[in-house]
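Here are a few exercises to work through with the model open in your viewer. Try each task before you read the solution.

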Amino acid sequence: MPTSRRYAVIKAVADQLKTVTPGNGYTYNLSASVFIGKRVLGDTDPMPAVTLLEIPDIQLPESRPETGDAQNTNWEFFVQGFIRATDPNNPTLDAYNLMADVTKALSGIMDPKNDPRHGSTPNGALYLLSGKVVRFDMGGFHVRQSDEVPSVSNFYLRIRTQVVEKLTNPYD
């Protein structure tokens with residue numbers, strides 16, 4: 001079954017987040033706890049964990065192509081991280097540190113040093129997700145203690161991309 005371009009983008013981001021392991025120089029291990037579209041995590045889910053979710057604000061693109069079958073569209077989603085707090089007096093400390101690992105892992109996507117057009121780079125496939133996007137930005141950081149489970153803190157990291165899709169064939 002073919003995969004849509006948008007799912008290929010969000011899956012590539014998820015795969016990059018699975019590289020967050022102590023063996024790769026990070027504090028936390030997300031190798032088995034990265035989800036796409038999972039809004040609720042329960043007691044049986046591993047922690048720390050992250051999920052990639054679309055922002056539910058539906059907007060039509062600002063412009064459509066006058067001719068041709070391709071469209072360049074702004075697309076935003078966010079990474080939500082979950083972690084059990086180890087310090088009850090500072091319950092968000094671990095969430096800040098987990099967000100730092102996630103930010104570090106995703107930073108290579110927009111780092112021009114990984115652009116294969118500038119020579120041989122070890123992370124050339126990472127740059128702009130192998131050309132799946134033409135822009136990738138992170139921002140809108142937000143950390144807080146969970147309302148539902150006070151022993152868990154979470155963070156939100158907004159991702160802004162620009163995706164070029166062929167309207168007549170929106171598959172990757």
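**Exercise 1. The sheet**

In what order do the five strands of the open sheet lie?

Solution. Keep in mind that this is a predicted model.
- Start with the inventory: the protein chain has three helices and five strands, and along the sequence they follow the pattern α-β-β-β-α-α-β-β.
- Now go across the sheet. The order is β1-β2-β3-β5-β4, and the pairing is mixed.
- Then look at the ends of that order: β1 (34-36) and β4 (133-145) are the edge strands, each pairing on one side only.
- Finally, check the twist: ignoring direction, neighbouring strands are turned by 20° against each other on average.

**Exercise 2. Strand β2 and its partners**

Work out how β2 pairs with β1 and with β3, then decide how enclosed β2 is.

Solution.
- Take the β1 side. β1 and β2 (residues 49-54) run parallel and are joined by three bridges. Here V34 sits opposite V50 of β2, and I36 faces L52 of β2.
- Switch to the β3 side. β2 pairs with β3 in the antiparallel sense, over six bridges. One pair to find is T51 with its bridge partner Q80 in β3.
- Now for burial. Five of the six residues of β2 are buried, so this strand is largely enclosed by the rest of the structure. For the background figure, 40% of the 172 residues of the protein chain count as buried.

**Exercise 3. Classifying R5**

Does R5 count as buried or exposed?

Solution.
- Locate R5 first: it belongs to helix α1 (residues 5-17).
- Next, apply the cut-off, which is under 20% relative accessible area for buried. R5 comes in at 19%, so it counts as buried.
- Last, see what its side chain meets: a polar atom there lies 3.5 Å from the backbone oxygen of V164.

**Exercise 4. The second largest pocket**

Which residues lie nearest the centre of the second largest pocket?

Solution.
- Begin with the space itself, about 250 Å³.
- The lining has 14 residues, and those nearest the centre are L41, F82, S146, E148 and V149.
- Which elements give two or more residues to this lining? They are β3 (70-84) and β5 (152-166).
- To finish, sort the lining by chemistry: six residues are nonpolar, four are polar and four are charged.

Terms used: Residues are numbered from 1 along each chain as its sequence is written. This is a predicted model: local features need pLDDT of at least 70, side-chain atom pairs count only at pLDDT 80 or more; totals for chains, interfaces and linings use all residues. Side-chain values use heavy atoms; hydrogens and water are left out. On a 1 Å grid over the protein atoms alone, a cavity is a set of points where a 1.4 Å probe fits but cannot get out, and a pocket is an open set with protein on both sides within 12 Å along at least five of seven lines; lining residues have an atom within 4 Å of a point. Grid points are joined across faces, edges and corners, and a volume is the space filled by probe spheres set on the points. Helices (H or I, at least four residues) and strands (E, at least two) are DSSP runs, numbered from the N terminus. Ala, Val, Leu, Ile, Met, Phe, Trp, Tyr, Cys and Pro count as nonpolar, Asp, Glu, Lys and Arg as charged, and the others, Gly among them, as polar. Buried means under 20% relative accessible area, exposed over 50%, partly exposed in between (1.4 Å probe, protein chains only). A polar contact is a pair of N or O atoms within 3.5 Å; within protein, one must be able to donate a hydrogen and the other to accept it, and residues adjacent in sequence count only if both atoms are side-chain atoms. Two strands pair if DSSP finds at least two bridges between them. Axes are lines fitted to C-alpha atoms, for helices over the stretch in contact, and angles run from 0 to 180 degrees between N-to-C directions.
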